[in-house]
Amino acid sequence: MKLSKSFVPTLKEVPADAVIPSHVLMIRAGLVRMLSAGIYSFLPAGYKVVKKISDIIRKEMDAVGGQEFHLPALNPKEIWEQTNRVEAFGDTLFHIQNRDYVLAPTHEEIMAYHAKGELKSYKDMPQMWYQIQTKFRNEARPRSGVIRGRQFLMKDAYTFDKSWEDLDVAYAGLEKAYRNIFDKCGIKYFVVGAASGAMGGSKSEEFMVQSDAGEDTVAYCEETGYAANVEVAQSIVEGAKRCDESKELEEIHTPDVKSIDELCEFLKIDETQCAKSRVYIHDENPVLVLMLGNDEVNEMKLDSVLGGQVRPGHAEELKEITGADAGSIGPIGFKHRIIADLRLKDANNMFSGANKNSYHIGGIDFQRDVEKVEYFDLRTVQTGERTINDDGTLEVFKAIELGHIFKLGTKYSEALGATFIDEDGKEKPIIMGSYGIGVERVMACYLEQNHDERGIQWNKELAPFHIHLLGLNMKKENVKETSEKLYNELKQTGYEVLFDDRLDASAGFKFNDADLMGMPVQVVVGEKGLKEDSVEIKVRKTGERFSVKLNELSDKLKEILG
RNA sequence: CGGGGCGUAGCGUAGUCCGGUCAGCGCGCCUGCUUUGGGAGCAGGAGGUCGCAGGUUCGAAUCCUGCCGCCCCGACCA
């Protein structure tokens, strides 16, 4: 492709609205332009990358028996009502105003709809269906460029099986395919065992990429490969020590002491001698949650312990329930349910609030003074803690979810009546699996991981072009001739070539644009080199530069690009 | 949806507090000449309803009200 005739609008300056590197680079390198919040147009070079990623995915999906569909984005609302997901998605689902359609945010329903009545016998399975298409979600807050958009490209696959054992086989196949896909794309990722979540199902794994732009927080152990969402992650942490002798309860005047740190400072004690109190409202009833020291309550863990509706109590409620404000609340005299983190189990000589402003109580013995307390794992793990098997150290960081595979089960097949007749002659719901990959996220994550201060560093697999050919001074006859000739030869050889043949752009301008756009290899044709019948090669990733005789160029490129 | 920030030429911005040569600068763009190995030089030029709509005022980018849009934090996230 000749740059002089192409639309690749590069930008020297950083766009005001872009914050994370991938977003900045996509705009600066002329790959995308925003149309509206969370809605992006892919420009020719950017779309080439999207197509390359899609092709990698397609190839791996086909290799494990996937069959590609092309499904409507416009769906009858009725189908979505049958699975109760119009309500479940709520405002996230786009509705069409002048017809009872919705814009599909995913395609479980539609795939199950087609399976219904067609996959009638156990002999019709297994099946693996997929699509790579645009999904629509009315995200309340689109963010981080293409990472969370209102419209995005997703590969989603669905498996249909007659038994849970067969689902296991399909699931394992997809997991392998996913690893191949991300490996091929050159992305450093890890796999997290996720909570099955609202969609139900028995097993679910997320393919994650470490990034500050991520929306999930995970605990990861390099040594063991342990990875879990912090919502469920566990670690080994020492509990509070139980002393041989329990002291008497004593009320202590603690003016202006609110936080655990202030309490420790005031009483000259360690935070592991303190029980922090948080009051939650569980289905209208107050629950006191006690944590050791400054440990944070993990509300996801709390949710799953309590079930039902759980929310933190408001300031006014706290006063009404305990008689004190936040900062002076504690277990002694608390009249409702009390639960505590495992680290507090059987602790004694502890300090906590007195349920009376400006007072705390010392000498609390959980065995003696807090009779009906129940213990659960309620804390959020932190960087540096040991893994649950004590075989590694955890690191907690933000991550982007790139892909998600899970065993769906029969939720959709049951709701839509997608059943089959099994070997035993009985009618059963088809067992489904669901597997997604965010295509633009793959691109964004790649960029997050592969750039430097000058721009993008594409690998051969994802690069819009393999070779960036620069004709430095195109007004010089020999440069023009040689570069034109090389352009044709390289294309002939089978390389995808971006040819900077612009007449008036200066050498420096072209170099900088090439580094920004980041093709794996740059071939520089200039007067200087031509005097010795050579051109210069620059490997973008390493920054390595060397000159090559024209007649050796072909071999050298083969060596670098394979 | 809560909190914060922002909206001035294609891009990046100054000016907004304290109304009145404030519509300015850099990049980009157009014309000509020179230039071409790390974002060229000179000369000339085009381009802005200051997000939109009301209001206050002799006078509004600037003050007031409403709306729209965008970014960030949080909530939400199949």
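Here are some notes on the predicted model above, taken point by point.

1. Let's start with the overall layout. Chain A is divided into domain 1 (12-188 + 403-447), domain 2 (250-376) and domain 3 (465-561). Note that domain 1 is written as two stretches of sequence, 12-188 and 403-447. Between the C-alpha centres of domain 2 and domain 3 the distance is 68 Å.

2. Next, the nonpolar interior. The largest nonpolar core has 62 residues, and those with the most contacts inside it are Leu31, Tyr178, Phe182, Ile187, Tyr435 and Trp458. Helix α6 gives the most to this core, with eight residues. Because domain 1 and domain 3 both contribute residues, the core lies between them. There is also a second, separate core of 25 residues, which includes Leu71, Leu93, Phe406 and Leu416. As general background, nonpolar side chains tend to be buried together in soluble globular proteins.

3. Helix α6 deserves a closer look. Tyrosine 178 and phenylalanine 182 both sit in this helix (residues 164-185), four residues apart, which is about one turn. How do their rings meet, and at what angle between the planes? They form an edge-to-face aromatic pair, with 6.0 Å from centre to centre and 90° between the planes. Tyrosine 178 counts as buried because its relative accessibility is 0%, under the 20% cut-off. Phenylalanine 182 is buried too, with a relative accessible area of 0%. Ring pairs link Tyr178 and Phe182 with Tyr189 and Phe207 into a cluster. The count of aromatic pairs comes to 14.

4. Two lysines are worth finding on your screen. The charged end of lysine 407 sits over the ring of tyrosine 171, 4.8 Å from its centre. Lysine 356 lies over the face of tyrosine 359, and here the distance to the ring centre is 4.4 Å.

5. Tyrosine 359 comes up again around threonine 254, one of whose contacts it is. Threonine 254 lies in the loop between β13 (250-253) and α7 (260-267). Is this loop residue buried or exposed? Threonine 254 counts as buried, at 0% relative accessibility. Its side chain makes a polar contact of 2.8 Å with the side chain of histidine 360. Leaving aside neighbours within four places in sequence, threonine 254 is in contact with Leu263, Phe266, Ser358, Tyr359 and His360.

6. Now for helix α5 (residues 108-115). Six of its eight residues are buried, so the helix is largely enclosed by the rest of the structure. The buried ones are Glu108, Glu109, Ile110, Met111, Ala112 and Ala115. You will notice that Glu108 and Glu109 are on that list. After α5 comes glycine 117, which has a positive phi, near 80°.

7. Finally, try valine 49, which is placed in helix α2 (residues 44-63). Valine 49 is buried, with a relative accessible area of 0%. Which residues does valine 49 touch, not counting those up to four places away in sequence? They are Met443, Trp458, Leu462 and Pro464. Valine 49 and methionine 443 are 394 residues apart in sequence, while their C-alpha atoms are 7.5 Å apart in space. Trp458, another residue that valine 49 touches, is among those with the most contacts inside the largest nonpolar core.

Terms used. Residues are numbered from 1 along each chain as its sequence is written. Chains are lettered from A and ligands numbered from 1 in the order in which they are written. This is a predicted model: local features need pLDDT of at least 70, side-chain atom pairs count only at pLDDT 80 or more; totals for chains, interfaces and linings use all residues. Side-chain values use heavy atoms; hydrogens and water are left out. Rings of Phe, Tyr and Trp (its six-membered ring) pair if their centres lie within 6.5 Å; planes under 30 degrees apart count as stacked, over 60 as edge-to-face and the rest as tilted. Helices (H or I, at least four residues) and strands (E, at least two) are DSSP runs, numbered from the N terminus. Buried means under 20% relative accessible area, exposed over 50%, partly exposed in between (1.4 Å probe, protein chains only). A charge sits over a ring if NZ of Lys or CZ of Arg is within 6 Å of the ring centre and within 35 degrees of the ring normal. A polar contact is a pair of N or O atoms within 3.5 Å; within protein, one must be able to donate a hydrogen and the other to accept it, and residues adjacent in sequence count only if both atoms are side-chain atoms. Contact means heavy atoms within 4.5 Å. Domain bounds come from an automatic or database domain assignment. A nonpolar core is a set of buried Ala, Val, Leu, Ile, Met, Phe, Trp, Tyr and Cys residues joined through side-chain atoms within 4.5 Å.
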